[in-house]
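Biologist: Please take a close look at one helix for me, and then explain how that part sits within the rest of the chain. I am new to this, so please give the cut-off behind each term when you use it.

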Amino acid sequence: MNITDVGHLVSDADSGEDKLALAAKKEGKSAWQIASFYTDAFFFDTDRLNIERPHSTPKAADHIKDQIALIQQLDAKGFIYQTSDGVYFDIQKFPGYAILGGQSLTDLEAGARVEINPDKRHWADFALWKFSPSDTKRDMEWESPWGTGFPGWHLECSAMSVNELGQPFDLHAGGIDHIFPHHTNEIAQSQAATGLPLANFWLHGAFMLVDSQKMGKSLGNTFTLQDIVERGHAPLAFRYLALQTHYRKQLNFTWQALASAEQALFKLSALAECLPEQGNKVPVEIEENFRAFIADDLALPQAIALFWEVLKSNQPDEVKAQVIVHWDQIFGLGLKEKLGQGQKIPFEIQRLLKERDQARLNKNFVIADRLRQQIEEQGFTVHDKDAESFATRNPNADRQPFNH
């Protein structure tokens, strides 16, 4: 996973200020400080969401030599030209430029978010290297064979990914807004330089909506993970919510949907706590069904449905425990750590549960309700299962029960 700490301009037309430089000016900090702050904030949130960190997270500013070398490869093959403000890739020399999005250049131009730059040979030509203003010294700038400046946004992704993974590598992911121009440009410059594809498969996630609207600062509906936590929700409740929508379909975030996802997560946790810590082999047919969903373009909503089906089935508890051990490696909901926790309920709570079960059996629901309240006051949640009930530690007593 590359960290774009330099080169991301505010406009798709390769114009305007670098986003980091703009934030630095606004906050009275250096671009280096801004890059460090938001990198740390990003990984703090991904940790709270149980997103495993990649084995390598290179930063663009640490790989300037690799990016310059890629431009030199393109220069040697005649794919670049220089203007007054930078070095550009000539897309007309690369056949099939727009193949990733399945569109023609005419179609792209009609919906393009770029302004016409008279210095460019074609409106879609993109910057490989931008020159620093002659009257201003930037926080982030380097010497190059073409002049002092900084790399373009698209360049660093190609240079670092190939440096880390080789070319071609298997999977390249991003949002649907990256199809054009970002990923289209990555493919063009990487393939033009080497004659090889950049990646074998491209996965593009759909946008998330908020209350059925596009998320945006102007609408006041942009939320962070910290906003979710401050409203009393567990970070992994959002992860569970996301798992319920296929990555290529729009997820509609609402606070009600988040609350429902959190309740479902609590129920899964309660089920896990009542299972043994060790499991037995999962029946072949069940495991094959699960793997088939995962292999079908990451059909996680169907995989989650199967998860519930198995946990509510008549399968032995040891099988259910093993399903959690295996499948939660993909779901990442922290359920493995919950296995067997129900056996650690204090004796006093177990005694109150037995009294409550007897009251329910005698249809004395006033006493049963009072006992439930006593149990809940001790930080536990009561779950009724046929004639018997069981308790789990109440996640609302700790607003981040699933935050590992």
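Modeller: Among contacts in the protein between residues at least 6 apart in sequence, 70% join residues at least 24 apart, where a contact means heavy atoms within 4.5 Å. This is a predicted model, in which local features need pLDDT of at least 70 and side-chain atom pairs count only at pLDDT 80 or more, while totals for chains, interfaces and linings use all residues. Residues are numbered from 1 along each chain as its sequence is written, and side-chain values use heavy atoms, with hydrogens and water left out.

The protein has 14 helices and eleven strands, which are DSSP runs numbered from the N terminus (helices are H or I with at least four residues, strands are E with at least two). Of its 404 residues, 47% count as buried; buried means under 20% relative accessible area, exposed means over 50%, and partly exposed lies in between, with a 1.4 Å probe and protein chains only. Along the principal axes, the C-alpha atoms fill a box of roughly 90 × 50 × 35 Å.

The part to look at closely is helix α12, which holds the 15 residues 317–331. The expected span of a helix is 1.5 Å times one less than its number of residues, which for α12 gives 21 Å, and the C-alpha atoms at its ends are 20 Å apart, in agreement with that value. The helix nevertheless has a kink of about 25° centred on Val325, the bend at a residue being the angle between axes fitted to the seven residues ending there and the seven starting there. Just after α12 comes Gly332, which takes a positive phi of about 65°.

Much of the interest of this helix lies in its buried residues, which include Val319, Ala321, Val323, Ile324, Val325, Trp327 and Phe331, together with Lys320, Gln322 and Asp328. The buried residues of α12 pack against four other helices, namely α8 (235–243), α9 (255–273), α10 (284–295) and α11 (300–311).

In soluble globular proteins, nonpolar side chains tend to be buried together. Here the largest nonpolar core has 42 residues, and those with the most contacts inside it are Phe307, Trp327 and Phe331; such a core is a set of buried Ala, Val, Leu, Ile, Met, Phe, Trp, Tyr and Cys residues joined through side-chain atoms within 4.5 Å. At least two residues of this core come from each of α7 (225–230), α8, β9 (251–253), α9, α10, α11 and α12, and α11 gives the most, with eight residues. If residues up to four places away in sequence are not counted, Phe307 touches Leu268, Val323, Ile324, Trp327, Phe331 and Leu335. A second, separate core of 40 residues includes Ala31, Met140, Trp146 and Ala159.

It helps to set another helix beside α12. Helix α14 (residues 365–377) has 13 residues and reaches 18 Å from its first C-alpha to its last, close to the 18 Å expected. In α14, Ala368, Leu371 and Ile375 are buried. They cover an arc of only 65° around the axis, which puts them on the same side of α14; the arc is that of the directions from the helix axis to the C-beta atoms. An α-helix has 3.6 residues a turn, so residues three or four places apart point the same way. On the other side of α14, Val366 and Glu377 are exposed.

Glycine with a positive phi is found after this helix too, for α14 is followed by Gly379, whose phi is positive, near 90°. Lys363, in the loop between α13 (347–361) and α14, has a positive phi of about 60° although it is not a glycine, and at 64% relative accessibility Lys363 counts as exposed. Ser212 likewise is not a glycine yet has a positive phi of about 65°; it lies in the loop between β7 (208–210) and β8 (213–214).
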